[in-house]
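Here's a quick briefing to read alongside the model. Have the sequence and the 3D view open as you go.

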Amino acid sequence: AQPGAAEPVPAPMRDLVWGKLNFLHTTDTHGWHGGHLQEPQYSADWGDYVSFAQHMRARAHKDGVDLLLVDTGDRVEGNGLYDASTPKGKYYYDIYRQQDVDIICTGNHELYVASTADGEHLYTVPNFKTNYIASNLDYIDPRSGERMPMAQRYRKFQTKNQKLDIVAFGFLFDFIGNANNTVVQPVKETVKEQWFQEAIMEETDVFVVIGHVGVRMPEFQIIFRAIRKQNPLTPIVFFGGHVHIRDAVAYDARSFAVASGRYFETIGWMSVDGELERAARSEDARPSFHRRYIDNNLSGLHHHTGLNATTFPTEHGRNVSAMITSSRTALDLDYAFGCAPKTLWMSRSPYPGKDSIYSWIETEVLPDVAVNPDRRHLPRLAIVNTGAIRFDIFQGPFTRDTTYIVSPFLSTMAYLPDVPYAMARKVIKLLNNAGKIASSSSAPPDNRFMANPEQLAVNESIIITVNEEGVASDDDAADLTGDPAPQKPLGEGTNADQRPPRLTEGYTTRDDIGTDGDDTVHLPVNFYVVPNCIQAEVGFPSDGEPETVDLVFMDFITPWVLMALSFLGGEYGREEVQLYVDGTFTELMAGWIEKNWPKRC
Ligand SMILES: Nc1ccn([C@@H]2O[C@H](COP(=O)(O)O)[C@@H](O)[C@H]2O)c(=O)n1
């Protein structure tokens, strides 16, 4: 862990179940390779993961089984370690490559900005050579204009110890927001390609499909059906991401899919057991699958390796932690812009509400920063999509690192001048409806893409009732213990003297397999659904309604705003959208904090 990172608190643990073929999975790490310095349950860093993987590989070798490491993209954007340097990623590429990842693919965040895709092509693809797979992604060389696969389309290899044949693919969901130096082929087209049809006819023991794709998204279903059609008995395992949640689902009795969360909070574990060699395959022989969501903290990593603070760190792991420390220092990530007077939550607290980060943006930040010097006298509606805010703000120092953690994007505030108020006021309602504003082929994707991916997976707020003794209500307790018994203290029976241990708050995952996936037994936390967008009225007359307003919005949501206006009878084109205020939203927010919050805590 990094110097100053919160010490993990011991908690009741569930062990890993090993099989013949085992996997460790990271996804959507978004630059958090230094770990969560303020959160004890996720405070291990990439160096600790390097040590962990070394020990786990050694155990696999000793037991004659195999372990593969998988990463399913969105490694960038979301933390100072990647975002704070010029150019972005100056330190990240060398840190990330220290882990021996066996199968790796691209996420949408590697592609939003052309220079990020260039970085992927120039550094990560060569760093991982034949381990990098790009089944449906091409890169366009900026000099020659030549279009080429970002990496090989698939990979066939043998595992180290059992010599199992593996055919692996690496997909990205049907993303359309990429910069123009890459081409994402829709998955339904890719599976029709000759190379894919030939690849799925290869003799193999197991298919491994990794993808920056939610495990319940249609893209994985398409791939599953295509492979299964030709291979009725072959085990197929899927590793997904993008939706930022822990999840597991079996598509049939011989397939299994796992998603391993976000922000390097989780290291996913999957094991496959049974007769895996194709020579032993039969209608009756079925593989078994296990999943575990490992909290990324040192006490858990010690537990799973049977080691301790002295014996756990390897030389390589220590060196990687040191690389991270010196990069964080060079980037001055601990520089504090101000002191957050209280914790502001994205989804743990209701919106609107006094502890909601969105209410803070709406009522305090926007009125101050949504100001165009030449139009400050004109009323405006300022709209921010909730997906633009990526993490909670904890009470205490708000640092350079926190800035990118909360708001990593380069989005600016755009506007349309003098929109009739009668029309402009209805836009927010349309943006916050579920589904698409219009169903035409040129319409932007589902409105919920303006919100955070975590919100995609949940339709209703999940509110946990816990009394002062830390006891959850019947249902919640049953969820935690897997036991529908009446109310009982959380964690009862997990220690020798039957006193309930103090549980920390964290993930209490319910997936298709059950409620025992998390490696750490936690107290549940609330999850409130928030709208796709929030809106502030700024500079409005004290009485009466304005005739027209400036409609100000994050440039990222331009397609949705134009579609909403068109639906309301206002035809505005992209060329009419102008920059409202200089600087990125991130810079505006950091500037507000510097001006309004106390400098020191
Ligand atoms: N400029 C941007 C880019 C993205 N977003 C939000 O992020 C979501 C995608 O996040 P993933 O980590 O899943 O790729 C997207 O749906 C937007 O909500 C944004 O606000 N501004």
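What follows covers confidence, one helix pair and one buried helix.

This is a predicted model, where local features need pLDDT of at least 70, side-chain atom pairs count only at pLDDT 80 or more, and totals for chains, interfaces and linings use all residues. Residues are numbered from 1 along each chain as its sequence is written.

**Confidence**
- The protein's mean pLDDT (the predictor's confidence in each residue, from 0 to 100) is 93, with 94% of residues at 70 or more.
- The model gets ipTM 0.99 and pTM 0.93.
- Confidence peaks in strand β1 (residues 21-26) at 99 and bottoms out in helix α15 (residues 474-481) at a mean of 42; helices (H or I, at least four residues) and strands (E, at least two) are DSSP runs, numbered from the N terminus.
- Over residues 474-497, pLDDT stays under 50.
- Where pLDDT is low, don't read the predicted coordinates in detail.

**The α1 and α9 pair**
- Helices α1 (residues 46-63) and α9 (residues 315-330) pack at about 165 degrees, axes 7 Å apart; axes are lines fitted to C-alpha atoms, for helices over the stretch in contact, and angles run from 0 to 180 degrees between N-to-C directions.
- That makes α1 roughly antiparallel (over 145 degrees) to α9.

**Helix α16**
- In α16 (residues 558-567), the buried residues (20 or more other C-beta atoms within 10 Å of their own, with C-beta atoms placed from the backbone) are Trp560, Val561, Leu562, Met563, Ala564 and Leu565.
- Those buried residues pack against α12 (421-424), α13 (427-432) and β20 (548-554).
- Just after α16, Gly569 has a positive phi of about 95 degrees.

How values were computed: A residue is buried if 20 or more other C-beta atoms lie within 10 Å of its own, exposed if 12 or fewer, and partly exposed in between; C-beta atoms are placed from the backbone. Two residues are in contact if their C-beta atoms, placed from the backbone, lie within 7 Å. Angles under 35 degrees count as roughly parallel, over 145 as roughly antiparallel, 65 to 115 as roughly perpendicular and the rest as oblique.
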